[in-house]
Structure formats: C-alpha cells, structure tokens
Amino acid sequence: MHSLQKQRSLLFQYLRSSSNSNNIIHNSKMILSSSSSLLLASNFSSTAGKVIPCKAAVAWEAGKPLVIEDVEVAPPQAKEVRINIKYSSLCHTDLYFWESKSVPPIFPRILGHEASGVVESVGDGVSNLKPGDHVLPLFTGECGECPNCKCEDSNMCEVLRINPTREGMISDGKSRFSTIKDKEPISHFLGTSTFSQYTVVHSGSVVKINPTLPLDKACLLSCSISTGIGSILNVAKPKKGASIAIFGLGTVGLAAAEGAKIAGASRIIGIDKNPNKLEYARKFGLTDFVNPEEHERPVHEVLKEMTNGGVDRCIECTGNINALMSAMEALHDGWGVAVLVGVPSGDAVFKTNPFNFLNEKTITGTTFGNYKPKTGLPTLVDMFMNNKLELGKFITHRVPLSEINKAFDYMIKGQGLRTIIDMND
Ligand SMILES: [Zn+2]
Ligand SMILES: [Zn+2]
C-alpha cells in the first residue's frame, strides 16, 4: 500500500498534529461530548456508553502466534463508532506488520483490517451511522473536508489516510482496548483492529452497506478486492480490447483480473512463480499464465513477444521491486501504463532507464484502488449486490476466531486465497 518513505512522512504529519497544544482542550471537550452521546445511544443499545468485555486475538510479539485474550473495549468518543465485528479476513498487510521485518515493531497490538460488522453504538457528532447498521470498517477514510477529499482524483484523505504507526485513536491518541486481567493498553492497527469482537473506528472510516448483503463475503470489499479492481478501473483505465499483465496471482492480483474482465480486456496474462497459481489463472478466466522460473529469458521479453511489442497495462501486486522493474520493461511504448499495488520492503529502490519515460511509458501506484471510501466504494458494493462481482470464489478457508493462527499458516504457505475468520464462533 505504501512505501516506508510514505509511512515516515505520515508519521511525521501525525506527530506534528498530535503535538498541537489544542489537543488538551480538545480532550476535555471529548469527555463532555461522550457523556451526551451515552444518553443518546442508550436508546438503542443496552451496552452503549459501557465498557464491553469480549475476545480478541492479540499479537504480543513479532512473528509469534496470536493469543486469544479477554479484553475490554471502551465506548466510542466523539466522531467514533463501536462495531461488533462479525467477520474478518487475513490480508498480507496484517502479516507484514505481524512479522515486523522492515517496519518498527509495535506490540501488543490487535491487527486486522479486512472486515465487516454491525454498529453497536456511536459517539457524539456521528449523524450518518446508527446502531444496527451493517458496515465495513476501513484502513483509510474520507473526512470530506481536506484538499485531498475535495480533489476528484485523490483518495488520500489528509486526516484519515492509512497510518500504520498510529497506536491509538486520532482524537486523543489513546487506545480503546485493554486486557481485562492487567488493564494493559493494547495498540490499534490501521484504525481498524478487526481481530477483536468489538472495535472502535473513526466514523469517517466506516462505510454503511445494504443489510441484505452477506457479511462474510462483503468483508473482502474493505481491502483486497477493492484494491485489485480499483487498480484497473480507476487507475490503469485500459481501453476495451487491451492486453493486461498481472504480476502476482494472490487475492489482489486475481481481483485485478476481475477488473480487467469488467474493462473488456482481450488478454489477461498472469505472472507468478508458484506453479499452483495456474489453477487459479484458469478458474478466474485469465487468458495466459507465465511462470518466470520456466523461462531462460527475462519475463519482460517473454511478455513483449506474446503481445507484439509490449503490454498495454501492467499491474504489480507482489511488492517485489524487481517485478516492478520488469513491469516497466514489459510495457508497450507510446501508451503503456504500469501500476504499483503491492507493498515493497521499506528500503526498496526502483530503478529504470529514463528512456522508458521518453518512450512515453508511465508508472504510477495506488492505495485502495483509488476508491474514496465513502463516496467511491458504494459503486463496488452495488456491483456485488447486482451479481456483477462474485466474491465467494476468493474464499478458500474458514476458521473460528479461536483458530485464527491457522489463517496465518495458510498465508505463509501460500495455500488458497482468503481465509474468513468467524469472529463470533
Ligand atoms: Zn489489506
Ligand atoms: Zn479528508
């Protein structure tokens, strides 16, 4: 989603805003406003305004199995929403921060950001959501007021955009989670922390969905599927009949393939070093599959030959910087566009011959497929509702919350696509 450099600049922005002395005044207002929201919300829910005890999968150390803990979840403050998470699924970004190999370790932490649930209660100043609403919590958001939100082309909200280093809520920097046993605070993750039966999320990062949609499938729209489809429809924007190469056939790459089909691509070429992905390439209707390990030549040469001089669009979903360089080389000159979607390691450096630009090739990147969460995502939700988008085929495993570590095992071993975690099982 982001390079480390971007994350660092986000962290800097966050530190700058949280050092503002106005926060002290802001916090005292928050206490007043939360008590008034308590009265309002109590009309709808017996738990509103109260601490909720529940189960959560807590990451205590980098790379160590999550532990199911009894935790307390504090009531939502102003502009916040407390959600009863029904289903969560595991995304590579959870794994990336759980391993903390090239990012600062932040533990204990409740990971999870691809999820769906039902609003339990809302804080003061939340007018567009109410208890009982079916929702998707999102790792990014839309405040509606900042220059990025007002810019038609951007989904990089300056207030609510992804910030993996933030450990608490935006309003007061504090966590809404603590262990019941020791009252130890537990860090939030991406503003969502959906590996808990209840979580608190900023209202600008919560999208209401039609209650008839199955929540176990809809959860996939809060990250991977939207990212993949949006990378095609909103960013690469291929012409009908275009050739599209997709590097990495995980869930995001296969979602990009769905986007390519919707866009009317004539060739959809999947590239993956894992030969088992051939089966998925067939199942998801790709026209070609290339395993770079089976070729003596560089993969971009293979792709150029297959497409009479170059691919119209390349989507890079692996996060491997060499794959991104191959994607650039594989493009057709004059109009080719490569889109970075995968998350590279923090110290990765992209290199290319500048003549690629003089030859009118373009490289760009995207977070969340360029969808604005509140105003853009509903178009994708509608596609799912109208059966124009099938989500069930991305689900290969299901586990109860108590067996969440199995989801990590499947992902590490490259088995299957998405594992749905039933949070109330
Ligand atoms: Zn994700
Ligand atoms: Zn904004």
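**Loops, a parallel sheet and a one-faced helix**

Lys183 is exposed in this predicted model, because 8 other C-beta atoms lie within 10 Å and the cut-off for exposure is 12 or fewer. The residue sits in the loop between strand 6 (177-179) and strand 7 (185-186). Its phi is positive, about 55°, although Lys183 is not a glycine.

Ser100 also has a positive phi, near 50°, and is likewise a residue other than glycine. Ser100 belongs to the loop between helix 3 and strand 4. Here the count is 16 C-beta neighbours inside 10 Å, so Ser100 ranks as partly exposed. Pro108 is placed in the loop between helix 3 (92-99) and strand 4 (114-122). A cis peptide bond links Phe107 to Pro108, with omega at about -5°.

The next element is a sheet. Six strands form an open sheet in the order 12-11-10-13-14-15, and the pairing is parallel. Strand 12 (288-290) and strand 15 (362-365) occupy the edges. Each has a single partner strand, so one side of each lacks a neighbour in the sheet. From one strand to the next, the twist averages 20°. At one end of the order, strand 14 (residues 337-340) pairs with strand 15 in the parallel sense, over four bridges. Val339 stands opposite Thr364 in strand 15.

Helices pack on this sheet. Helix 9 (residues 299-306) touches strand 10, strand 11 and strand 12. The direction of helix 9 makes about 155° with that of strand 12. Helix 7 (residues 251-262) lies across strand 10 (243-247), strand 11 (267-271) and strand 13 (313-316). Helix 7 runs at about 170° to strand 10.

Helix 12 (residues 377-385) has buried and exposed sides. Leu377, Leu380 and Phe384 are buried. Viewed down the axis of helix 12, the buried residues fall within an arc of 60°, so they line one face of the helix. An α-helix has 3.6 residues a turn, so residues three or four places apart point the same way. On the other side of helix 12, Thr379 and Asp382 are exposed. The cover over the buried residues of helix 12 includes strand 9 (206-208), helix 5 (215-218) and helix 6 (224-236). Just after helix 12, Asn387 adopts a positive phi of about 60°.

How values were computed
Residues are numbered from 1 along each chain as its sequence is written. Chains are lettered from A and ligands numbered from 1 in the order in which they are written. This is a predicted model: local features need pLDDT of at least 70, side-chain atom pairs count only at pLDDT 80 or more; totals for chains, interfaces and linings use all residues. Two strands pair if DSSP finds at least two bridges between them. Helices (H or I, at least four residues) and strands (E, at least two) are DSSP runs, numbered from the N terminus. Axes are lines fitted to C-alpha atoms, for helices over the stretch in contact, and angles run from 0 to 180 degrees between N-to-C directions. Two residues are in contact if their C-beta atoms, placed from the backbone, lie within 7 Å. A residue is buried if 20 or more other C-beta atoms lie within 10 Å of its own, exposed if 12 or fewer, and partly exposed in between; C-beta atoms are placed from the backbone. The arc is that of the directions from the helix axis to the C-beta atoms.
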